[in-house]
Amino acid sequence: MKNVVTEKLFQSPSKYIQGPSAIKNAPIYLGSLGKTALLTADDVVYKIAGAALTSSLEQAGMKVVYVRFNGEASSAEIARVQDIGAQNKVEYVIALGGGKTIDTAKAVADKLGVPSAVLPTTASTDAPCSALSVLYTPHGEFDRYSFFNKNPTVVLVDTSVVAKAPARFLSAGIGDALATHVEAREVRNAANFGGGLPTLLAGAISARCEEILFKYGKLAYESNKVGAITPALEAVVEANTLLSGLGFESGGLAAAHAIHNGLTALEPTHKMMHGEKVNFGTVCQLILCNASVEEIDRYLELMTSVDLPVTLAQLGVTSVTDEELGHVAELACAPNETIWNLDCVINVDVVFNAIKGAEAAGRSFLLKKGLL
Ligand SMILES: [Zn+2]
């Protein structure tokens, strides 16, 4: 909705906690949510952090019902986990893991009408803080956004766990977070995800998010490679999770995410992470919004320094027809897409050409830097 909303609106989780012992101290922050929790995580994450979280909650007298996450944030998976939650009369839902686990658990909590606590084990997306989920088909294609009345009550990030995750996750989170300001600054007259206009605060948050990524992104990525919890890593984890989360939800999305959603129709991109696809979407949006070569190079420099993909080939799409790219553009221009928040002319043809232009700009940058 553009040019009709008059109220400004800002929304956020009630509490955000981040630090190297956050999981050990979780009972302090989760205790007020209830006695019985449903914990959803995949097997790998459960072994890394779930068992420790469960024992610290149980020692504090709480009951934990563990449900193994099956890998896709789909309507079917949400219904399955919801049933188990209802049978066990859980008082709140804990999401432990990456973006898809988080998006599933937030939807489950909403359906059960109970609070959620989000404990990301990677800083790979800005999903933790928002009151919406991105849902996919069971085959991994973008399905729809699902909106909830409440943001998660608690978001708790244990940086000792995040630091041990492969650095690719942090890099993908940087890709997702880098889109935040690029998108928010172009959509100040459009309603955000809460249905209101962006506040000055949302604009300040997304600008600060970008500033931190340019200052510390590369350093944090290198720290993550050796598992070191440095101030740079702490800053980028906060930028990827809190600043990007608040910035996109109350600031608004535009073409980078709409093109991401279109890209999910290309099968090879299913192996790539959300933030990696969004990253290429950001390059497309810069082209679409007529950014100067200096500006585009500044972004490409940061992106390539943390190994983010800047071409379709780097996203695994090594051969693609114009017809297939046209379909991506068509999906990016679907009636409910965030691309319509932009003030410039948008149609399938314009978007198709921006994608081709982004591919060319990305390739030429890689060639110039000797990366191709
Ligand atoms: Zn995103």
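Trainee: Why is arginine 144 called partly exposed?

Mentor: Arginine 144 has a relative accessible area of 38%. Buried means under 20%, exposed over 50% and partly exposed in between, for a 1.4 Å probe and protein chains only; arginine 144 is therefore partly exposed. This is a predicted model, in which local features need pLDDT of at least 70, side-chain atom pairs count only at pLDDT 80 or more, and totals for chains, interfaces and linings use all residues. Residues are numbered from 1 along each chain as its sequence is written, and side-chain values use heavy atoms, with hydrogens and water left out.

Trainee: What makes aspartate 143 and arginine 144 a salt bridge?

Mentor: The closest N and O atoms of this pair are 3.7 Å apart. A salt bridge requires a side-chain nitrogen of Lys or Arg within 4 Å of a carboxyl oxygen of Asp or Glu, and the pair therefore qualifies. The structure holds 15 salt bridges.

Trainee: How do you know that glutamate 295 and arginine 185 form a salt bridge?

Mentor: For glutamate 295 and arginine 185 the closest N and O atoms lie 3.0 Å apart, which satisfies that criterion. The pair links distant parts of the chain, 110 residues apart: glutamate 295 is in helix 11, and arginine 185 is in the loop between helix 6 and helix 7 (200-225). Helices are DSSP runs (H or I, at least four residues), numbered from the N terminus. Arg185 and Glu295 also belong to a network of salt bridges with Glu186.

Trainee: Which residues coordinate the zinc ion, and at what distances?

Mentor: The zinc ion is coordinated by Asp176 (OD), His257 (NE2) and His274 (NE2), at 2.1 to 2.2 Å. Donors are N, O and S atoms within 2.8 Å of the metal (3.2 Å for Na, K and Ca), and these atoms therefore count as donors. Water is not among the atoms, so sites may look incomplete.

Trainee: Are aspartate 176 and histidine 257 buried or exposed?

Mentor: Aspartate 176 has a relative accessible area of 0% and is therefore buried. Histidine 257, at 4% relative accessibility, counts as buried as well.

Trainee: What makes the lining of the largest cavity free of charged residues?

Mentor: Asp, Glu, Lys and Arg count as charged; Ala, Val, Leu, Ile, Met, Phe, Trp, Tyr, Cys and Pro count as nonpolar, and the others, Gly among them, as polar. The lining includes Gly97, Ile102, Pro120 and Thr241, and by class it has four nonpolar, seven polar and no charged residues.

Key
On a 1 Å grid over the protein atoms alone, a cavity is a set of points where a 1.4 Å probe fits but cannot get out, and a pocket is an open set with protein on both sides within 12 Å along at least five of seven lines; lining residues have an atom within 4 Å of a point. Helices (H or I, at least four residues) and strands (E, at least two) are DSSP runs, numbered from the N terminus.
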